[in-house]
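Student: Could you give me a close look at one loop in this model? After that, I'd love to see how the same ideas read elsewhere in the chain.

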Amino acid sequence: MAVNGFLKNPIEYLKGVGPLRADLLKKELGIFTYEDLLNHFPFRHIDRTSVSVISQLKQEADFAQVAGVVLHVEIIGQRAGKRLVAQLKDKSGIMELTWFKGINWIQKTIIPGQSYLVFGRLGFFNGRPQFVHPEIEKIEPSQSLEKNYLEPVYSTTEKLRAKGLGGRQLAKLTQVLVAQLNPTVLPEILSPSLFTELSLMGRAAAYQQIHFPSNATQAAAALKRLKFEEFFIAQLRMQLVRAQRHHQSAGVLFEKVGDAFNRYYSTCLPFELTGAQKRVLKEIRTDTAKGTQMNRLLQGDVGSGKTIVALLAMLLAVDNGYQACIMAPTEILAQQHFASIQTSLATIGLSVALLTGSTKTTERKKLLAALEEGSLLLLVGTHALIEETVQFKKLGLVVIDEQHRFGVAQRARLWKKAAVPPHILVMTATPIPRTLAMTAYGDLDYSVIDELPPGRKPIQTVHRYEKDRSRVMEFIRTEIAKGRQIYIIYPLIEESAKLDYENLMKGYEEVKAFFPEPNYWISMVHGRQPAAQKEINMQRFISGDTQIMVATTVIEVGVNVPNATVMLIESAEKFGLSQLHQLRGRVGRGAEKSYCVLLTPPSIGKDASERMKIMVQTASGFEIAEKDLLLRGPGEIEGTRQSGALNFKLASLVHDRSLLEWAREQAARLLDADPTLGKPENQPLRYYLQQQKGAVNWSKIS
Ligand code: ADP
Ligand code: MG
């Protein structure tokens, strides 16, 4: 199909844009081409179709337009308070128009006795409506006042405004461009049959109408079309990547379930797997037996038992003559995985090694050699695993725990370690709402453990205030008397690291005053400690030598101390929902009843109290994730921040979720019928996907 260059025209070709303006548009708004300007959408429209009467102006209406006669103009006040005030009268009443700037000019132009159409943001002063710095336009008293359109409002910058490229001027330029749009220069990308079936507005028309809608209905239809397109294209891209991995990319073949897996399963497994664990294991088993690469996201709430699933998958690799590794985000977590895997594998005589930043040189050398010659089959580690020097003989499976700490690029480096890409299992304990997961990770297969191991006692969560502190401490004392252990967590926010650190130290002293040695022993762990120190303090708590762990969110991820029954979170209002939920997940891991105490100052903001309420009422991480999404929007959801897949210009993952669902289904259906978009009718779509930034690599994806 012919390349249509119209939209790729450099912006300076547009009438009204010279080299100077073009330069500014590029620098300030990243507008280089016609297409870029077209995609600089208005953030709102002003309804210019109606003229209000003064007596009926309402508090809530933020922009309004009225028509009337200027009665009287005067300058009042002095210096900073100096302003020009005009009275405007229509048949229903009188209101004030006020200017603080450009007074001289307004005074010269505004004429008492003359009729004006006045437009501006409505304010109220002493209960009476007024406009500050309104736009005014002379009219004849007999003139029809209705301007029949919705006026687009564009974001711009101070610099552009100063150079005469304010929102108004951008609208003018856009109008010049939009006037030239038609289905030839802006072709439909949906196939005729799909287009008809979905009954969406045409592409060119949608671009026209989103900027200059004829009426509100058309504006809504345009918006729907373009939002759908955003979701649809994003879904197509990801599903294509996924489909291509399934169809084309060669992967390691795990043909059989062998001795290691079976022996472990039948003799070492300390408990019956939950139904969800079995299901996920089966999904992994099926996936790895296909001969194509598995790339699977495993979600499961804190404590749902992901580790054992990972371990069994690793044994599957071993059974098929491959090596496997698991990568954890922190040294402590890697240590803990290592210790538990080592113990549980001892009985079946398999060895496992640990590689972290603090592994000693001699040991590291030995370990790396064993990896390279293939005598070492299982490896646990941190980021250290990604280093160039780490070479496997036959890597078959990579497990990445607590995925959100690793970037996509880091992941990619791991699977480049083998000629045939190893299977990837990405585990995350930060539940993401399903629709969001499908969008952000639509290129991955998706498994979820949606069931907790049986016999877990629910954690009781309470919200307490500063004044309750001594009662809380007394409660902690009784728990310790029963032989339990306690976490006390302080916030650590990067911007105020120093202050937080001081608070932590102060808190530590306070805790020590309540719980003095030698009856009580306290561990403290925070980010400023050397790794070895952190490690020692952590280990003392894990082994039960200390009863209290005072820490920052360093311990947020993954640590497992089943004897700990109280999680006290200081300044809980400073934490996000998912973080609070993660922290809470550190308790309730043993047989005893556990508690989570959220301690805050007496008055906290509305959002913060909402978060506390949700925590007290809700135990499920998935439900919390849903609420988090509503409260904060997708950009802030842990684990999705780096994902460009969530940056939509028009569509919102929070508000347009049914549209997203629809787009996802349509994309799946389309690819079902035409997996490579090879049919003639899908050529425009295929071409469009190829043109996009970061286009789908049609030859190979891994
Ligand atoms: P997470 O999903 O948060 O990584 P873990 O894998 O650390 O959870 O498991 C949490 C705890 O639950 C561990 O102590 C683990 O031994 C235990 N566990 C896992 N699966 C089961 C099960 N099916 N029955 C009983 N306990 C289980
Ligand atoms: Mg875990």
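Tutor: Happy to! To place a loop we need its neighbours: helices and strands are DSSP runs, numbered from the N terminus, with at least four residues for a helix and at least two for a strand. Please keep in mind that this is a predicted model.

Our loop runs between α17 (497-514) and β18 (522-525), and Pro518 lies in it. The peptide bond from Glu517 to Pro518 is cis, with omega near 5 degrees. Most peptide bonds are trans.

Next, let's look at rings. Two aromatic rings pair if their centres lie within 6.5 Å, and planes over 60 degrees apart count as edge-to-face. By this rule there are 12 aromatic pairs. A good one to practise on is Phe475 with Tyr595: their ring centres are 4.8 Å apart and their planes stand at 85 degrees, so this is an edge-to-face pair. Phe475 belongs to helix α16 (residues 469-481) and Tyr595 to strand β21 (residues 595-600), so the pair ties together parts 120 residues apart in sequence. Phe475 is partly exposed, at 27% relative accessible area, while Tyr595 is buried, at 17%.

Now try the rings of Phe515 and Tyr520. Their centres are 5.0 Å apart and their planes are at 75 degrees, so they too form an edge-to-face pair. Phe515 is buried, with a relative accessible area of 0%, and Tyr520 is buried as well, with 13%. Elsewhere, ring pairs link Phe228, Phe232 and Trp662 into a cluster.

Rings can also sit under a charge. Arg528 lies over the face of Tyr501, 4.2 Å from the ring centre. In a similar way, the charged end of Lys394 sits over the ring of Tyr322, at 4.6 Å from its centre.

Back to loops and their backbones. Most residues other than glycine have a negative phi. Ser199 has a positive one, near 40 degrees, and lies in the loop between α6 (192-198) and α7 (203-211). Phi is positive in Leu677 too, near 55 degrees; this residue lies in the loop between α22 (657-673) and α23 (683-691). Their surroundings contrast: Ser199 is exposed, with a relative accessible area of 60%, whereas Leu677 is buried, at 0%.

A strand gives us another buried residue. Glu151 lies in strand β8 (residues 150-153) and is buried, with 8% relative accessibility. Its side chain makes a polar contact of 3.3 Å with the side chain of Arg168.

What about cysteines? Cys268 is buried at 17% relative accessible area, and Cys596 is buried at 0%. The whole structure has zero disulfides.

Finally, visit ligand 1. There are 16 residues around ligand 1, and Glu272, Gly303, Lys306, Thr307 and Arg456 come nearest. A polar backbone atom of Glu272 is 2.9 Å from a nitrogen atom of the ligand. An N or O atom in the side chain of Gln277 is also 2.9 Å from a nitrogen atom of ligand 1, and a backbone N or O atom of Gly305 lies 3.1 Å from an oxygen atom of ligand 1. Taken alone, ligand 1 exposes 560 Å², and the protein buries 81% of that.

Definitions and conventions:
Residues numbered from 1 in each chain as written. Chains lettered and ligands numbered in written order. Predicted model: local features only at pLDDT ≥ 70, side-chain atom pairs only at ≥ 80, totals over all residues. Heavy atoms only, no water. Phe/Tyr/Trp six-rings, centres within 6.5 Å; stacked < 30°, edge-to-face > 60°. Buried < 20%, exposed > 50% of the residue type's maximum accessible area, 1.4 Å probe, protein only. Lys NZ or Arg CZ within 6 Å of the ring centre and 35° of its normal. Disulfide = S-S within 2.5 Å. Near = heavy atom within 4 Å. Polar contact = N/O pair within 3.5 Å; in protein donor to acceptor, adjacent residues only side chain to side chain. Areas by Shrake-Rupley, 256 points an atom, 1.4 Å probe, with all protein chains shown as cover.
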